[in-house]
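Trainee: I am new to this structure, and one close look would help me more than a quick tour. Please choose a single part, stay with it for a while, and then show me what lies around it.

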Amino acid sequence: MSKVVRFHRTGGPEVLQLDDMQVSAPQADEVLLKINSIGLNRAEVMFRSGQYLETPELPARLGYEASGIIEQVGSNVSQFKTGDKVNVIPAFSMNQYGTYAEKAVLPVHAIVKQPASIS
C-alpha cells in the first residue's frame, strides 16, 4: 500500500485527499519508485483545477517531478536497477501516472539517474 494524493473533483487545494492505494508491479517499460521528494509546479495546479491541456480522469493523481530510489524494474528495463537514485522528469500524462505518493510506478522514459553531486 502507498499513500497517494488524489482528487475526486476539480477545484482548489481543498479537493486534494490522501488515499491508501495498492501499488502494482511495474510493467515492461516501467519502474517502481520509492519517492523521497516531489516538485510542485503550475501544470499540476492547472490540471487539478481542470484548466490544463488535458481533462483529468477522476479520481485523478498529480505530479510530474520527483526524486527517489528504484525498488523494482519492469522486464524491458536494463539501464536502471533496484537501489538506483533517480529523478523523474515531466514526460507523461498525469491521467496515467503521478508522483504525489510514497511509491509510484512510472514510465522508464521519464527517469534519469540522479547525479552523485546531488544529496
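Mentor: Let's start with strand pairing: two strands pair if DSSP finds at least two bridges between them, where strands (E, at least two residues) and helices (H or I, at least four) are DSSP runs numbered from the N terminus. This is a predicted model, in which local features need pLDDT of at least 70 and side-chain atom pairs count only at pLDDT 80 or more, while totals for chains, interfaces and linings use all residues. Residues are numbered from 1 along each chain as its sequence is written, and side-chain values use heavy atoms, with hydrogens and water left out.

The part I would choose is S67, a residue of strand β5. Its place in the sheet is easy to find: S67 in β5 is the bridge partner of S37. That bridge belongs to an antiparallel pairing, since β3 and β5 run in the antiparallel sense over seven bridges. The side chains of these two serines also come together, with a polar contact of 2.5 Å between S67 and S37. (A polar contact is a pair of N or O atoms within 3.5 Å; within protein, one must be able to donate a hydrogen and the other to accept it, and residues adjacent in sequence count only if both atoms are side-chain atoms.)

Is S67 buried or exposed? With a relative accessible area of 13%, S67 is buried; the word buried means under 20%, exposed means over 50%, and partly exposed covers what is in between, using a 1.4 Å probe and protein chains only. Now look at the company S67 keeps. Setting aside neighbours within four places in sequence, S67 touches K34, I35, N36, S37, V86, N87 and Q114, where contact means heavy atoms within 4.5 Å.

Next, follow β3 to another partner. Strand β3 (residues 30-38) is joined to β7 by five bridges, and these strands run antiparallel. Within this pairing, V31 stands opposite L106 of β7.

Side chains connect β7 with β5 as well. K103 and E71 meet in a salt bridge of 3.0 Å, N to O; a salt bridge needs a side-chain nitrogen of Lys or Arg within 4 Å of a carboxyl oxygen of Asp or Glu. This pair links distant parts of the chain, with K103 in β7 (residues 103-107) and E71 in β5 (residues 66-73), 32 residues apart. K103 is partly exposed at 29% relative accessibility, and E71 is partly exposed at 30%.

The salt-bridge count comes to four. Another of them joins R6 and D19 at 2.7 Å, N to O. R6 belongs to strand β1 (residues 2-7) and D19 to strand β2 (residues 16-21), so this pair ties together parts that are 13 residues apart in sequence. Both R6 and D19 are buried. D84 and K81 form a further salt bridge, their closest N and O atoms 2.9 Å apart. Here D84 is buried at 10% relative accessibility, whereas K81 is exposed at 53%.

The strands β1 and β2 bring us to an open sheet. Three strands make it up in the order β2-β1-β4, with antiparallel pairing. β2 and β4 (60-61) are at the edges with a single partner strand each, so one side of each has no neighbour in the sheet. Six bridges hold the antiparallel pairing of β1 with β2, and K3 has D20 of β2 as its bridge partner.

On the way to β4 there is a peptide bond to notice. From L58 to P59 the bond is cis, with omega near -10°, and P59 sits in the loop between α1 (42-48) and β4.

Finally, turn to the rings. Rings of Phe, Tyr and Trp (its six-membered ring) pair if their centres lie within 6.5 Å, with planes under 30 degrees apart called stacked, over 60 edge-to-face and the rest tilted. Five aromatic pairs are counted here. One of them, F47 with Y52, is edge-to-face, at 6.3 Å centre to centre and 90° between the planes. F47 is buried at 0% relative accessibility, while Y52 is partly exposed at 23%. Ring pairs link F7, F47, Y52, Y64, F92 and Y97 into a cluster.
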